[in-house]
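Some descriptions of a structure rest on a cut-off, and it is fair to ask how each was reached. The questions below take a few such descriptions in turn.

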Amino acid sequence: MCIRDSTNNGSITLNDFVISGNALQTINGYGSIRNLLMFHFGPGLHLNGDQTITNFLNFNYGGMTTSATNKLIIGPNATVQNNSGTQNYINGNLEMYYNTGYPSLLFRIGDNAGYRPVEIGFVNVTSPGSILMRTFNSD
């Protein structure tokens, strides 16, 4: 499925919700997306609202931006795969959930200056939670 500008205030439960093309695409609203695949050869996807990935996010081509107050949320059982290397990431707010035990999180974030990943490892977590990250370019 290819979109231009849409609103998701519910759940997109398609096996593969694909963002493709070469023009900026926008998702407005506050909802969830089961599987999001990025095959975008232009400026990517912009979120004007909070969207939660519930199963799988795959960066193949194309990055993602959020507004200053909105975020992409990676749910507690979701995974992120990056087939593109370092050129595609979240330019904005990224919240990731973690489970108990010894989890590690890789935040695929950056800003207009480039990819600035953050990796966090936890030791003996007894209560699940989430962390919100973003980068700020001082230039």
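Q: What makes the pairing between the side chains of Thr135 and Asp111 a polar contact?
A: In this predicted model, the two side chains of Thr135 and Asp111 are joined at 3.4 Å, and a polar contact requires a pair of N or O atoms within 3.5 Å, so the pair meets the distance cut-off.

Q: Which backbone atom lies 2.9 Å from a polar atom of the side chain of Thr135?
A: That atom is the backbone oxygen of Gly110. Gly110 and Asp111 also appear, with Ile109 and Arg116, among the residues in contact with Thr135 once its neighbours within four places in sequence are left aside.

Q: Why is Thr135 called buried?
A: Thr135, which is found in the segment after β17, has a relative accessibility of 16%, and the term buried applies under 20%, so Thr135 counts as buried.

Q: How do you know that β14 and β15 pair?
A: Pairing requires at least two bridges between the strands, and two bridges join β14 (residues 109–111) to β15, the two running antiparallel, so the requirement is met. Asp111 has Gly114 of β15 as its bridge partner.

Q: What makes β1 and β15 edge strands?
A: In the open sheet of seven strands, with mixed pairing, the order is β1-β4-β6-β8-β11-β14-β15. β1 (5–7) and β15 (114–115) each have a single partner strand, so one side of each is left without a neighbour in the sheet.

Key:
Residues are numbered from 1 along each chain as its sequence is written. This is a predicted model: local features need pLDDT of at least 70, side-chain atom pairs count only at pLDDT 80 or more; totals for chains, interfaces and linings use all residues. Side-chain values use heavy atoms; hydrogens and water are left out. Helices (H or I, at least four residues) and strands (E, at least two) are DSSP runs, numbered from the N terminus. Buried means under 20% relative accessible area, exposed over 50%, partly exposed in between (1.4 Å probe, protein chains only). A polar contact is a pair of N or O atoms within 3.5 Å; within protein, one must be able to donate a hydrogen and the other to accept it, and residues adjacent in sequence count only if both atoms are side-chain atoms. Contact means heavy atoms within 4.5 Å.
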